[in-house]
Amino acid sequence: KEAEQEVHCILNLYKRVFEELLAVPVVQGRKTEKEKFAGGDFTTTIEAYISASGRAIQAGTSHHLGQNFSKMFDITFENPETGEKEYVYQNSWGITTRTIGCLVMVHADNAGLVLPPKVAKIQVVIVPCGVTVNLNKDEKE
């Protein structure tokens, strides 16, 4: 039960990072049996909406593996109340480079990238100068 609660706790942390820090709104959910992590009991997810494509992207997942892998690899602990050997319950989660991709897809367009203030407190504008100086008239147009 504690491992299942941790999966949801991590999912809530993901939501806070995306919405409060990265300014990327997300929707929390649970993957279907076909979409869940192979061998896991269930997978939760946050999905971000990418307006440029009109589609959603899986921004992060938190998996409850149950005892499936601990039984396979004989990962046990001694229950302090009963002294019995029991298989551990496991989870799998972590923020990846996909987070950066979501950030860029939400906050960038053909005119550039504007990062949220909590990510970049100092905003900089880069103005390219002289990049066409060596081009002929046709190439410039």
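Which residue in E6 stands opposite Gly66? In this structure, Gly66 stands opposite Gln90 in E6, and the paragraphs below lead from that pair through the strands, the core, the salt bridges and the surface. The model is a predicted one, in which local features need pLDDT of at least 70 and side-chain atom pairs count only at pLDDT 80 or more, while totals for chains, interfaces and linings use all residues. Residues are numbered from 1 along each chain as its sequence is written, and side-chain values use heavy atoms, with hydrogens and water left out.

The labels need a word first: helices (H or I, at least four residues) and strands (E, at least two) are DSSP runs, numbered from the N terminus. Two strands are said to pair if DSSP finds at least two bridges between them. Strand E3 and strand E6 (residues 90-93) run antiparallel and are joined by four bridges. Nine bridges join E3 to E2, and these two strands also run antiparallel; within this pairing, the bridge partner of Thr43 is His63 in E3, and Glu47 stands opposite Gln58 in E3. E2 and E3 form a hairpin with four residues between them, and in the turn Gly54 has a positive phi of about 75°. E2 also pairs with E1, in the antiparallel sense, over five bridges, and here the bridge partner of Gly29 is Thr45 in E2.

How much of these strands is covered can be stated with a simple scale, on which buried means under 20% relative accessible area, exposed means over 50%, and partly exposed lies in between (1.4 Å probe, protein chains only). Seven of the nine residues of E2 are buried, so this strand is largely enclosed by the rest of the structure. E3 is mostly covered too, with nine of its 12 residues buried. Just after E3 comes Gln67, in the loop between strand E3 (55-66) and helix H2 (68-72). Gln67 counts as buried because its relative accessibility is 19%. Not counting residues up to four places away in sequence, Gln67 touches Tyr87, Val88 and Tyr89, where contact means heavy atoms within 4.5 Å.

The next topic is the nonpolar core, a set of buried Ala, Val, Leu, Ile, Met, Phe, Trp, Tyr and Cys residues joined through side-chain atoms within 4.5 Å. Of the 14 residues in the largest such core, Phe18, Val24, Val26, Ile46, Ala48 and Ala59 touch the most other members. H1, E2, E3 and helix H3 (98-107) each supply at least two residues of this core, and the largest share, four residues, comes from H1. Phe18 shows how far such contacts reach: leaving aside its neighbours within four places in sequence, Phe18 is in contact with Ala23, Val24, Val26, Ile46, Ala59, Thr99 and Cys102.

Charged side chains come next. The structure holds five salt bridges, a salt bridge being a side-chain nitrogen of Lys or Arg within 4 Å of a carboxyl oxygen of Asp or Glu. In one of them, the side chains of Lys15 and Glu19 meet at 3.2 Å, N to O. Because they are four residues apart in helix H1 (residues 2-21), Lys15 and Glu19 are separated by about one helical turn. Lys15 counts as partly exposed at 24% relative accessibility, and Glu19 is partly exposed as well, with a relative accessible area of 33%. Arg16 and Glu20 also meet in a salt bridge (3.2 Å, N to O), and both lie in helix H1, four residues apart, about one turn of the helix. Arg16 is partly exposed at 48%, and Glu20 is partly exposed at 41%.

A further salt bridge joins the side chains of Glu47 and Lys31 (3.2 Å, N to O). This pair links distant parts of the chain, with Glu47 in strand E2 (residues 42-50) and Lys31 in the loop between strand E1 (26-30) and E2, 16 residues apart. Glu47 is partly exposed, with a relative accessible area of 21%, whereas Lys31, with 16%, is buried.

The surface completes the picture. Met72, Phe73 and Ile75 form a nonpolar patch there, with about 330 Å² of accessible area together. Patches are made of residues with over 30% relative accessible area and no salt bridge, with like charges joined within 9 Å and nonpolar side chains (Val, Leu, Ile, Met, Phe, Trp, Tyr) within 5 Å; the accessible areas come from the Shrake-Rupley method with a 1.4 Å probe, and for residues only the protein chains shown count as cover. Met72 lies in helix H2 and is exposed, with a relative accessible area of 56%.
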